[in-house]
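Good morning, everyone. Please look at the screen while I walk you through one structure.

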Amino acid sequence: MTQEISSTVLPYDYDDVLDTVLDIGCRLLEAGAEVRRVEDTVERLCLAYGAHDVDVFSIVVLIGVTVEGPNGDHYTQIRKVGNIGNSLIRIEKLNALSRRLCAAPEDPWEVKDEVKRICACVTYSSVIMYVSAAIAAGGFAMFFGGGWADGLIAAAIGVLIMLINRHTPAKVNGTLRTFITAFLSGAAALGLGALIPGAHPDMIMIGTIMLMIPGLALWTSLRDLFGGDMVSGLLRFVQALFTAAIIAAGYGLAWLTIGGIL
């Protein structure tokens, strides 16, 4: 990308500038942003802060940048990306911040504080999350052929799934959490389906499993692949398939253990 930049040396430590810019890039990746757009954002921000040459490389788990600063020195920083999720609201706020900084650069430390506030902001209340999970799980159970009893049971298990996801300690491995959630929801579907007359455990399980399927992650991987980011696309694709396999294993174990008893 070619862009005219000022040769004036800005009154900022350029290591701080690069650290702040990578903060924004990492948070965008963690929120599920497209790799190519993250690279473009980082490049534009560096140019806005006076860099003369910018080289950015990013994949799902890593982002690195080398720039020639306003004083002619070269700076390099690499950052490991944390857990990948999906938050369109966070992406929107970070993009708005990036556009503002490109128009008028601000003090890097103040920007870092704003990035922290954006990432700490609660996007949806707990009530909305639980109600949405209940409606989604119950709706899918009925959509795929279940009755009202199946829908209500699936809705209750949907609340359980959301409860586990929101209150599991951050130190717990994500793969283990997914497996435990799948096992418990499958066991609950089989148990309640057997106890309540007219309920169908298979319809209940179909409704609840739809809350856990990594559909958005799979779509994001295809988006990266078709966009030419082969490494990031393949990493996301493998991650989505592995998550789906873990979910299937959890439900399968519940079927083999609880289903055999019932």
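I will start with the whole chain and then go through it part by part.

First, the ground rules. This is a predicted model, where local features need pLDDT of at least 70, side-chain atom pairs count only at pLDDT 80 or more, and totals for chains, interfaces and linings use all residues. Residues are numbered from 1 along each chain as its sequence is written, and side-chain values use heavy atoms, with hydrogens and water left out.

Now, confidence. pLDDT is the predictor's confidence in each residue, from 0 to 100. The mean for the protein chain is 85. In 94% of its residues, pLDDT reaches 70 or more. The start of the chain needs care: over residues 1-9, pLDDT stays under 50. For that stretch the model has 15 contacts beyond four places in sequence. Contact here means heavy atoms within 4.5 Å.

Next, the overall build. The protein chain has ten helices and three strands. Helices (H or I, at least four residues) and strands (E, at least two) are DSSP runs, numbered from the N terminus. From that end, the order is α-α-β-β-β-α-α-α-α-α-α-α-α. The C-alpha trace spans about 75 × 35 × 30 Å along its principal axes. Of the 262 residues, 40% are buried. Buried means under 20% relative accessible area, exposed over 50%, and partly exposed in between (1.4 Å probe, protein chains only). One more chain-wide number: take contacts between residues at least 6 apart in sequence, and 67% of them join residues at least 24 apart.

Let's move to the strands. How many bridges join strand 2 to strand 3? Seven, and the two strands run antiparallel. Strands count as paired if DSSP finds at least two bridges between them. Strand 2 covers residues 62-68. Its residue L62 stands opposite K80 in strand 3. Five residues sit between the strands in this hairpin, where G72 takes a positive phi near 90°.

Strand 3 has two faces. The covered face holds Y75, Q77 and R79. The uncovered face holds H74, T76, I78 and K80.

Stay with Q77. Strand 3, where Q77 is found, covers residues 74-80. Is Q77 buried or exposed? Q77 is buried, because its relative accessible area is 17%. Beyond four places in sequence, Q77 is in contact with D15, L18, D19, L22, I63, G64 and V65. D15 deserves a closer look. Its backbone oxygen lies 3.0 Å from a polar atom of the Q77 side chain.

Now the rings. The structure has three aromatic pairs. Rings of Phe, Tyr and Trp (its six-membered ring) pair if their centres lie within 6.5 Å; planes under 30 degrees apart count as stacked, over 60 as edge-to-face and the rest as tilted. Take Y14 and Y75. Their ring centres are 5.4 Å apart and their planes are at 45°, so this pair is tilted. Y14 lies in helix 1 (residues 14-30) and Y75 in strand 3, so the pair ties together parts 61 residues apart in sequence. Both residues are buried.

Then F140 and F144. Their ring centres are 6.2 Å apart with planes at 20°, so this pair is stacked. F140 is partly exposed, at 31% relative accessible area. F144 is partly exposed too, at 38%. Ring pairs link F140, F143 and F144 into a cluster.

What about cysteines? A disulfide is a covalent bond between the sulfur atoms of two cysteines. Here the test is a pair of cysteine sulfur atoms within 2.5 Å. How many disulfides does the structure hold? Zero. Why does C26 have no bond to C119? Because the C119 sulfur, the closest cysteine sulfur to that of C26, is 10 Å away, too far for a bond. C26 is buried, at 0% relative accessible area. C119 also counts as buried, at 18%.

Last stop, two helices. I91 lies in helix 3 (residues 88-103). At 13% relative accessibility, I91 counts as buried. Outside its neighbours within four places, I91 is in contact with L28, A31, G32 and A33. From I91 to D107 there are 16 residues in sequence and 21 Å in space, C-alpha to C-alpha.

K112 is in helix 4 (residues 108-120). Its relative accessibility is 10%, so K112 counts as buried. Not counting residues up to four places away, K112 touches D19, T20 and D23.

How values were computed
Polar contact = N/O pair within 3.5 Å; in protein donor to acceptor, adjacent residues only side chain to side chain.
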